[in-house]
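User: Hi! Could you walk me through the side-chain contacts in this one? I'll throw questions at you as we go.

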Amino acid sequence: MMSQRSERRGIHLDQSELLCKKGCGFYGNTACQGLCSKCWREENQRDRQKQIQEDKALAERLQKEEEEAYASRHQRSQSQPGITPFSKFEERKTKEKLSKVNTVTKFFTPSTKAPPKKGSSDRVESVMDEVEKYMMSRLYEEAFCPETTDDEKKDLVIQKRIRTLHWVTIEMLCVPVDEDIPEVSDSVVKAITDVIEMDSKRVPKHKLACITRCSKQIFNAIKATKREAASADDFLPTLIYIVLKANPPRLHSNIQYITRFCNPSRLMTGEDGYYFTNLCCAVAFIEKLDGQSLNLSSEDFELYMSGQASPQRPQASAASSSSSSGSTALNQLHKGLDRLTGLGVRQERVMEEARKLESDLIDWTEGVEQKVQGAVERFPLETQTPTTTTATGASAASSAIDSDNVENELLPPPLQPQVFAG
């Protein structure tokens with residue numbers, strides 16, 4: 001596999017291939033046939049102007065025909081004065097048609113009014129961003145994946161395509177990323193999360209921000225692996241690998257939604273436009289991926305695509321394949337043993353910390369009990385028993401209830417029982 005990786009040319013994409021085919025200097029987009037949004041609008045504008053001119057010529061021809069028909073009918077009406085009421089009806093009907101034709105002609109005639117003056121570019125951009133946020137948040141259900149397009153069908157095709165490419169490995173794409181490094185693994189997971197999160201956003205600007213964050217995480221992963229700044233040749237293969245691992249939901253619809261409704265200036269320049277263009281290139285590469293792109297024979301590629309074999313479990317028919325399988329299995333076994341050893345060390349550390357925590361809890365419990373016992377010894381609980389005194393030949397002492405009664409002494413003595421002889 002390493003020999004294949006060194007021999008293969010890799011996935012290379014020049015900066016010029018990302019730019020607009022018209023040579024304007026902005027980034028192109030595969031959805032716009034390699035043109036930037038500005039040139040795409042100009043092409044569409046020229047087509048629309050051509051259609052408008054054709055419609056205008058048609059309207060003028062219809063107007064001319066109506067005028068000629070009106071003139072001929074007017075001449076006939078003058079030669080036959082006996083049918084004047086019918087001629088007036090025809091004249092009124094012809095005038096209505098002419099007014100409609102003139103309305104159509106005025107509609108297709110370009111306006112001569114001067115466009116309104118524009119403010120500063122920054123202010124215009126901020127206003128456009130706010131308008132985009134307000135409108136697309138409320139029109140999202142109608143504007144995203146409309147029924148008049150085949151976006152949903154293409155989403156299913158791309159999703160199925162990515163599922164069948166689950167066997168593609170890092171080595172096949174020449175991705176300069178080592179996922180065994182914790183920092184790199186975290187960046188890869190964050191990149192996958194960001195590109196999946198794109199589908200949950202409603203505003204095109206926010207969807208584009210998810211792509212930008214994903215791309216920056218990819219650059220961080222490459223930098224942590226190579227210990228140097230990443231290049232464009234390293235970025236695109238890694239982005240393709242991230243898309244294959246993430247399989248983002250409704251990927252085609254999200255790309256089309258951004259292309260249709262995002263601020264055009266953001267897609268033509270800047271890092272957002274660069275990352276979005278690379279994502280479009282990655283999707284196009286996945287759609288056209290074949291065995292030659294991965295340095296595989298067409299037979300092996302078809303076997304992997306059909307699920308009859310996989311790079312991790314190749315067929316045992318050839319001796320070279322079996323030896324490669326043995327070396328791969330041995331490497332995986334060593335990696336598994338290393339991971340088990342690391343897990344054992346971590347488990348011992350955890351158990352040691354648990355025993356230490358248990359000992360600390362026991363010591364804390366004993367200390368609390370000793371403090372409570374010392375407090376009880378220093379301040380013993382004293383209980384007082386009530387004493388009653390009786391007066392001979394008189395009433396008993398005042399009870400606790402009557403102790404506060406100042407008029408207690410003025411009460412008459414209690415009645416004494418007396419026995420009467422029957």
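**Side-chain contacts**

Analyst: Happy to. Y304 has a relative accessibility of 12%, so it counts as buried. Keep in mind that this is a predicted model.

User: Which residue does Y304 form an aromatic pair with?

Analyst: Its partner is W167, and the pair is tilted, with 5.0 Å centre to centre and 50° between the planes. Y304 sits in helix α15 (residues 298-306), while W167 is in the loop between α7 (151-164) and α8 (170-173), so the pair links parts of the chain 137 residues apart. W167 is buried too, with a relative accessible area of 2%.

User: How many aromatic pairs does the structure hold?

Analyst: There are 11 aromatic pairs. Another one is F219 with Y275, whose ring centres are 6.2 Å apart with planes at 50°, so that pair is tilted. F219 belongs to helix α10 (residues 204-226) and Y275 to helix α14 (residues 270-287), 56 residues apart, and the pair links distant parts of the chain. Both F219 and Y275 are buried.

User: Nice. Which residues form an aromatic cluster?

Analyst: Y140, F144, Y257 and F261 form one.

User: And the nonpolar core? Which residues touch the most other members of the largest one?

Analyst: W167, V168, L173 and L294 do, in a core of 55 residues. The helices α7, α8, α9 (182-197), α10, α11 (232-246), α12, α14 and α15 each supply at least two of its residues. Another core, of five residues, lies apart from it; M136, Y140, A143 and F144 are among its members. You've met Y140 and F144 already, as they are part of the aromatic cluster.

User: Changing topic: salt bridges. How many does the structure hold?

Analyst: The structure holds 14 salt bridges. In one of them, the side chains of R202 and E141 meet at 3.7 Å, N to O. R202 is in the loop between α9 and α10, E141 is in helix α6 (residues 140-143), and 61 residues separate them.

User: Are R202 and E141 buried or exposed?

Analyst: R202 counts as partly exposed at 34% relative accessibility. E141, at 58%, counts as exposed. The cut-off for exposed is over 50%, which is why E141 gets that label.

User: What about D151? Which residue does it meet in a salt bridge?

Analyst: D151 meets R260, and the distance is 2.9 Å, N to O. R260 lies in helix α12 and D151 in helix α7, so this salt bridge ties together parts that are 109 residues apart in sequence. For accessibility, R260 counts as partly exposed at 36%, whereas D151 counts as buried at 2%.

User: Which residues are joined into one network by salt bridges that share partners?

Analyst: Let's start with one salt bridge, E197 with R213, where the closest N and O atoms are 3.8 Å apart. That pair links helix α9, which holds E197, to helix α10, which holds R213, and the two residues are 16 apart. E197 is partly exposed, with a relative accessible area of 27%, and R213 counts as partly exposed at 36%. Salt bridges that share partners join D194, E197, K201 and R213 into one network.

User: Back to α12 for a second. Is N254 buried or exposed?

Analyst: N254 counts as buried, at 0% relative accessibility. This residue is found in helix α12 (residues 251-261).

User: Which side chain does the side chain of N254 make a polar contact with?

Analyst: It makes one with the side chain of D199, at 3.1 Å. Leaving out residues up to four places away in sequence, N254 touches F144, M198, D199, K207 and P249. F144 turns up here as well as in the aromatic cluster.

User: Last one: how many disulfides does a search of the whole structure find?

Analyst: Zero disulfides are found in the whole structure. For C210, the nearest cysteine sulfur is that of C214, 9.3 Å away, and C210 is buried, with a relative accessible area of 0%. For C280, the nearest cysteine sulfur is that of C281, 6.9 Å away. A disulfide needs sulfur atoms within 2.5 Å, so a pair at that distance is not counted. C280 counts as buried, at 3% relative accessibility.

Technical notes
Residues numbered from 1 in each chain as written. Predicted model: local features only at pLDDT ≥ 70, side-chain atom pairs only at ≥ 80, totals over all residues. Heavy atoms only, no water. Helix = DSSP H or I, 4+ residues; strand = E, 2+ residues; numbered from the N terminus. Buried < 20%, exposed > 50% of the residue type's maximum accessible area, 1.4 Å probe, protein only. Polar contact = N/O pair within 3.5 Å; in protein donor to acceptor, adjacent residues only side chain to side chain. Contact = heavy atoms within 4.5 Å. Phe/Tyr/Trp six-rings, centres within 6.5 Å; stacked < 30°, edge-to-face > 60°. Core = buried A, V, L, I, M, F, W, Y, C linked by side-chain atoms within 4.5 Å. Salt bridge = Lys/Arg side-chain N within 4 Å of Asp/Glu carboxyl O.
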